[in-house]
Structures are given as C-alpha cells and as structure tokens.
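The exercises below are intended for a reader who has the sequence and the model at hand. Please attempt each task before reading its solution.

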Amino acid sequence: MRKLLFLSFLIIGFSALAQPKFFRTMYSDKPENEFTIGFSENLISIPFTYKIYYSENDHGTDTSLYATDNTPVGIDRTVQLMKGMRHHFVRLKNLTPNTNYYFVLAYTDPSGTYKQLSKRYYSKTMSDNAQDPISFVAGGDSRLNIDEGPIATLESITIRKETNKMVAKLNPDFVAFGGDYTFANTEIEWIQWFTDWELTYSSDGKITPIVAAIGNHEVLPFGCPQCDNSVVNQLFDTPNKDNYYAITFNNNLFRLYTLNTEMAIEGAQTEWLVNDLADNRNVLWKGAQYHKPIRPHEAGKSDNNDAFANWAEPFYREQVRLVIECDAHVVKTTWPVIPTTAGDDDIICGEAVDHNFVKTTNGKGTTYVGEGTWAALRTGDDAKTWTRDMGSINQIKWVWVFENEIQARTVQTYKSDDANYTNNVEQLTDSSKFTIPDGVTLWSGQQGDEMVSIKNNNHTAVPTNPCQTVGVERIEALSTGMIVAPNPAQNGTFTIRLKHSAKISKVEIYTLNGKMMQQFNFSGDQHKVKLNQYGNGILIVVDNVNGKFMEKVIMN
C-alpha cells in the first residue's frame, strides 16, 4: 500500500513538472486552412500522452463538446531536447478560412492516474479573400541589451515585456519576427523569452501566430555551439530547416519571404528566392524579412554586400516593395530605392547614388524599414541620401496590406518616463484593428510622416525604365555612360562626365520644349557647362551620336 501511495505521489510530482507551457502558434504553407500549435515541457522520463481538442466553437475546456465537432489530434513532431526542454507541435489542417479556432491540450500519464487540461486558447486562420486586408507587426532584436551596459541590460527586460504587451494591444494577424530573440542563446534566456512571449496573448486567450526568422545571436557559439540553423526551426517548426521560406496570405494578396542572413546567401538560398519570385508574379504584393540589413544605419555595423549582390536586384526586378530588416537596433525608413553598381555621388535620374542605391520618386522601388529595436537599442548615426527618416526609440513596424496600398507605421513601444504607457493604449478588436488606438504614439521622425504609403503596384510587370518605371537594366546602361553633377546645378554650373569606355563625341543640351541651348564636342572625359542665363527649370542632356545616354539636370 505504501509503495502504491509513493508511486502515486511520484507520478503526480513528475506530472506537475511536466505541465505543458509556452504555447505558440505558427502559420505554414496554407494560413487560410492550417496553423501549427507548439508547446514545451520540462525534460522528464515519464512519456505523457497529448491530445489537442479544437473547434470553431468556444467550448471552454469541455473536451466532450470539442470532440463532437472535430476528432482530437495528437503530436505531429517532437523535438526531444532544445534549450533544456522538450517541444511538441500539432499541425491543424483542413480548417475554415478567417475563423477562430479554440483549443485545449489534454495530457495523461501512462497509468491514467494524472489527467489534466491546459487553459483554453485560440488562434485565427487567415482569409482566402484578397479583398480582406492584412494587419501584421514586424520587428526583432528582443535580446538583452548587454553590449550597452548593465543599466541598459536591466531596462531591456522591461522593454521586451512592454513591446510584447503592445503586440496584444494591436491585435495583428501575425508577427514577423526578424531574429535575435536572446543575447547568448542559453537555456535560461529562452525560458525567460517564452515566458515574456505570453504577454502577446490577449486577455481572452488569443495567441498571435509568429513567422520566425533567424538572427546572428541564434548561431553564435554562446549557449549552443552546434546549433547552426536548428534553434529557430526546432523551437518554431519553421517550414524549412534552413529557415528561408515564403508564405502567401489572403489568396495572393501578400507573399512574405523570410530569408536567412546567417548562412550562405549565394547559392541554394538565392536560387530558391529568384525562382520563387518569378513563379509568384500573380501575387499582388510581396515583402521580405531577414536579420542583417543590406545597408545598416548604425556606423558600427558592416554593410551586407553578399545580400546586396544576391537579393537587391531580384527584390527590385520582381517588385518586392517592402523589406523589413533588423540587427542594427535603430529606427529607419527609406524612400523607395533601386539598386545600381554605380559609384557613390554618381547621378542617376537626378538623384545621387549612395551605397549602391538611388532614390526613386515614381513609387516603383523597394522601401526598406527597420532596424530591430524590440528591446535592444543604439543611436542611429549612418543615414544615406535615400534615408527617409531615422532615429533611436524602441519600436515595432505595424503594417496594413490592402489591394491598392501598403501602409507601414512605426509604433513606439516603450517610454522610460511613463510606466503605464502600454497599459493605457486602447485594446483593438477584430472589428477595430485597422484603426489607430487611443493612447498610442506613432513615430513621425523629422519628416513628420506617421505613415509610409506604398502604392502604384503593377505586380505582373517587370519595370524597364529608371526615370519613369525604373529598371535595373537601364540603370546599368546609365552607369556606363555619362553622369551629370551636381544635380541640381550650382550657380548655373554643372559637369558632364564620361564613365568607363563610353564613346560620346558630341553632346546637346535642350529645354523641355525642344529648344537647343548648347552643343559641344568632348576634349577629355568631362566637360563643365555654365548656363547662368537659363534661370530655373529642367534641361535635357543628350548624346547626339547614338541617343543612348540621356540625363535631366535641374537648374535653380
């Protein structure tokens, strides 16, 4: 009898240790019909049986009613050991679009002595209608801010919690998380991260799905020297073990590419990206997220030249209109830009090249935003000529995707002088999630823009002209031809410079109505022009030998 009592107490003790925790949900290839439920448990020797009971009807924790609606399902994948815990994943399929699915987890020990239920949670499938807009939150770098000192380290714990609470307030369809979850990738940090992530749950138990990317702190040899790409895949059941993948939302309204800057960019990853972009030209809007910026806005961060060489041109050519970057721990938004191999200060279509990008005003370029201040923070100090705005606050990007427009806002998530800031923000619901909640602060920067608007979408066409519809091929032609600088002209003076092996022997300068203002032959590789008598306006500089090279110059 004593042995049986001891065994019972032992089982109950182990069962209490095994209590499932850290629920999270993830989307896979068909977010309108599927989502994955993940949860964790402490490592124990007793094998428990797990079943998910689920339904589009909220039955609380009544498993008999759930079982009437749908057959309970078991575990699809188990990760036996990662970050000191065992992780289980249940993949719900054949679901109805745009529907809340409520679920509870039942778990039982082998003897049947210990039977327990989790709390009731729910997540929502995405719509299958492109006319239904999408709301999502994007950001990264929730890690401790250890490199900024002990005070910043302690404060970053609070900041992460406040940012997670802001996610719950905004009630997005999903979170695009760009990596660097923890600082040292250790077990204790991940346990704390998952504990804090529960603050993204709504008060009524809604769990917002996470679309997970990988950062450099997930592969650094701190807490997991042999992890490589496995940490994010094994904790979030990502669709690809190498953590690059794409998900299409709302019946071709928006396709989000999650890329991996912590492995080889050239090769298999880029080949997949290029092919997938070409295969999905029917998608109305495309976006991308990854960790390390191509051109970071913090001077201590190196340029990601591999990403530029492999991704920038496909992004532009296939009209990936919004790219979310992290890692630098600053705030930035850019104007739409186009990539070029022309050198800094070269002029293309009246704009100066800076770090291989040039601003375009016709709406056909790629807008880059970021750069990861979920908790960690630095001072932005490396603006480019095509930077729209930058700064240093803790923030997340809040993106709305409509058929005819993408709207991106920067939501401040923490105020050191207002402990109740997030608590006082209005809670949005499904019926109000496309409104600005009372109490929230939207960062507007020096430009004064609380919203970045991306329009003029033409998802089926590849742009071909840099000054009108903007095209990489035309930019490359210009970069081997002539450059006009400065532009606008200074005191009526500008210089026409030949580049590389261009064979231009004579140039003509015209007004917009066709009047020739000047013509001349080149005696070297550049020619200074002075037209003080012209006044304000725009002149066209033309190669009259073959008509291939042409530039506009602004006179003011």
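The exercises treat strands, salt bridges and cavities in turn.

The model is predicted, so local features need pLDDT of at least 70 and side-chain atom pairs count only at pLDDT 80 or more, whereas totals for chains, interfaces and linings use all residues. Residues are numbered from 1 along each chain as its sequence is written, and side-chain values use heavy atoms, with hydrogens and water left out.

**Exercise 1. Determine whether strand β14 is enclosed or not, and describe which way its residues point.**

Step 1. Strand β14 covers residues 285–289; helices (H or I, at least four residues) and strands (E, at least two) are DSSP runs, numbered from the N terminus.

Step 2. Apply the burial classes: buried means under 20% relative accessible area, exposed over 50%, and partly exposed in between (1.4 Å probe, protein chains only). Of the 5 residues of β14, 5 are buried, so the strand is largely enclosed by the rest of the structure.

Step 3. Trp285, Gly287 and Gln289 point one way from β14, while Lys286 and Ala288 point the other way, and all are buried.

**Exercise 2. Identify the strands that pair with β14 and the handedness of the connections.**

Step 1. Two strands pair if DSSP finds at least two bridges between them. Strand β13 (residues 254–258) pairs with β14 in the parallel sense over 5 bridges, and the bridge partner of Leu256 in β14 is Gly287.

Step 2. From β13 the chain crosses through helix α6 (residues 268–279) to β14, in a right-handed β-α-β crossover. A crossover is right-handed if, with the strands pointing away from the viewer, the path from the first strand over the helix to the second runs clockwise.

Step 3. Strand β15 (residues 320–324) runs parallel to β14 and is joined to it by 4 bridges. Gly287 stands opposite Leu322 in β15.

Step 4. A right-handed β-α-β unit is also made by β14, helix α7 (residues 305–317) and β15.

**Exercise 3. Describe the burial and pairing of strand β1.**

Step 1. In strand β1 (residues 21–26), 5 of the 6 residues are buried, so this strand is largely enclosed by the rest of the structure.

Step 2. Strand β2 (residues 35–42) runs antiparallel to β1, and 4 bridges join the two. Lys21 has Ser40 as its bridge partner in β2.

**Exercise 4. State how many salt bridges a search of the whole structure finds, and examine selected pairs.**

Step 1. The search finds 25 salt bridges, each being a side-chain nitrogen of Lys or Arg within 4 Å of a carboxyl oxygen of Asp or Glu.

Step 2. Glu262 and Lys292 meet in a salt bridge at 3.6 Å, N to O. This pair links distant parts of the chain, 30 residues apart: Glu262 lies in the loop between β13 and α6, and Lys292 in the loop between β14 and α7. Glu262 counts as buried at 18% relative accessibility, and Lys292 as partly exposed at 30%.

Step 3. Asp303 and Arg295 meet in a salt bridge at 4.0 Å, N to O. Arg295 is buried, with a relative accessible area of 3%, whereas Asp303 counts as partly exposed at 30% relative accessibility.

Step 4. Arg143, Asp147, Glu148, Asp180 and Arg378 are linked in a network of salt bridges.

**Exercise 5. Characterise the largest cavity and a salt bridge that involves one of its lining residues.**

Step 1. A cavity is a set of points, on a 1 Å grid over the protein atoms alone, where a 1.4 Å probe fits but cannot get out; lining residues have an atom within 4 Å of a point. The structure holds 4 cavities of 30 Å³ or more, and the largest has a volume of about 90 Å³.

Step 2. The largest cavity is lined by 14 residues, of which Thr333, Thr410, Trp443, Asp449 and Val452 are the closest to its centre. β24 gives the most to this lining, with 3 residues.

Step 3. Asp449 forms a salt bridge with Arg388, with the closest N and O atoms 3.0 Å apart. Arg388 is in strand β22 and Asp449 in the loop between β24 and β25 (452–454), 61 residues apart. Arg388 counts as buried at 13% relative accessibility, and Asp449 as partly exposed at 29%.

Methods:
1 Å grid on protein atoms, 1.4 Å probe; cavity = no way out; pocket = protein on both sides within 12 Å on 5 of 7 lines; lining within 4 Å. Points joined across faces, edges and corners; volume = space filled by probe spheres on them.
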